[in-house]
Amino acid sequence: MILAVMQPYLFPYLGYYQLTKHCDKFVFYDDVNFIKGGYINRNNILANNKKQLFTIPVEKASSNSKIKDLHFVTNRKKIIKTIEQNYSKAPLFSEVMPILDNVFNSQETHVARLCMASVTSVFDYLGIELDCCLSSELDYNKHVNAAEKLYSMCDFFGAGTYCNMENGRALYSKNEFKRRNIDLQFLAMEEFSYPQGTHDFVSHLSIIDVLMWNSKKDILRLLDRYRIS
């Protein structure tokens, strides 16, 4: 069994979805501190041929708050309008916008649950089953260091493999995981591009951009464009 654990992000980039699809069980890590200025409550879309950051404000957000204890503001009309203005001419706009509307217009304010919905809704659209949960709902050892918490979650699920994004390679030791009888993997996105209109390709945007410009068949292909080491 392959386990992956990541903080919940709002419509994150393609690599996040690749990791989610690769594993057998995905845990949204919501009982850790909120990172102000991170990508939990914001991401980039394409506007005027360049990256533009969108943000949903979080009430009473601080770096001392646990993600599980935070809530988004209820008024999200600005982000919906921004997406509509910038993607109305994209080929998949009419198919994708209802998915985004359902998430952004949801009555859900809990940060982790709304972020989780932004991931699960995409997989539902693509017809992919996803086995996921929130870490705050698990009975694992929450009173140890970061690596020990991951070992504990692997033990909880009986996972023999733990997979992390490539940029976390400096944080964890394959030898230490091996001592716990856990195989540590790292996932790296392969280079890719797709048409975004008439301008040069802009990479590392929210999955929103991928959805707007690509058919389901093409997105499924992109989800498999990664390497495991």
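# Questions on a predicted model

Reader: Which residue has a side chain that meets the side chain of Arg180 in a salt bridge?
Author: This is a predicted model, in which local features need pLDDT of at least 70 and side-chain atom pairs count only at pLDDT 80 or more, while totals for chains, interfaces and linings use all residues. Residues are numbered from 1 along each chain as its sequence is written, and side-chain values use heavy atoms, with hydrogens and water left out. A salt bridge requires a side-chain nitrogen of Lys or Arg within 4 Å of a carboxyl oxygen of Asp or Glu. Arg180 meets this condition at 2.5 Å, N to O, and the partner is Glu148.

Reader: How many residues apart along the chain are Arg180 and Glu148?
Author: Helices (H or I, at least four residues) and strands (E, at least two) are DSSP runs, numbered from the N terminus. Arg180 belongs to the loop between helix 6 (174-179) and strand 9 (183-189), whereas Glu148 is part of helix 5 (residues 146-157). The pair therefore links distant parts of the chain, with a separation of 32 residues.

Reader: What relative accessibility does Glu148 have?
Author: A residue is buried under 20% relative accessible area, exposed over 50%, and partly exposed in between (1.4 Å probe, protein chains only). Arg180 is partly exposed because its relative accessible area is 32%. Glu148 also counts as partly exposed, and its relative accessibility is 27%.

Reader: How many salt bridges does the structure hold?
Author: Side chains of opposite charge can pair when their charged atoms come close. One example joins the side chains of Lys68 and Asp69, at 3.2 Å from N to O; both residues are partly exposed, because Lys68 has 33% relative accessibility and Asp69 has 47%. For the structure, the number of salt bridges is ten.

Reader: How far apart are the closest N and O atoms of Asp218 and Arg221?
Author: Asp218 and Arg221 stand three residues apart in helix 8 (residues 216-223), so about one helical turn separates them. Asp218 is partly exposed because its relative accessible area is 29%, and Arg221 is partly exposed too, at 48%. Their closest N and O atoms form a salt bridge with a separation of 2.3 Å.

Reader: Which cysteine has the sulfur nearest to that of Cys23?
Author: A disulfide is a covalent bond between the sulfur atoms of two cysteines, and here the term is applied to a pair of such atoms within 2.5 Å. The structure holds zero disulfides. Cys23 is accordingly in none, and the nearest cysteine sulfur, 7.6 Å away, is that of Cys163.

Reader: How far from Cys133 is the nearest cysteine sulfur?
Author: Cys133 is in no disulfide either, the nearest cysteine sulfur being that of Cys132. Cys133 counts as buried because its relative accessibility is 10%. The distance to the sulfur of Cys132 is 7.1 Å.

Reader: Which strands stand at the edges of the open sheet?
Author: Strands of a sheet pair through backbone hydrogen bonds, either parallel or antiparallel, and two strands count as a pair if DSSP finds at least two bridges between them. Six strands form an open sheet with mixed pairing, in the order 7-2-1-8-9-10. Two of them have a single partner each, so one side of each is left without a neighbour in the sheet, and these are strand 7 and strand 10.

Reader: What angle does the direction of helix 1 make with that of strand 9?
Author: Neighbouring strands of this sheet are turned by 25° against each other on average, direction ignored. Helix 1 packs on the sheet and touches strand 1, strand 2, strand 8, strand 9 and strand 10, where contact means heavy atoms within 4.5 Å. Axes are lines fitted to C-alpha atoms, for helices over the stretch in contact, and angles run from 0 to 180 degrees between N-to-C directions. The angle between helix 1 and strand 9 is about 145°.

Reader: How many of the nine residues of helix 1 are buried?
Author: The buried residues of helix 1 include Leu14, Tyr16 and His22. Helix 1 (residues 14-22) is largely enclosed by the rest of the structure, because its number of buried residues is eight.
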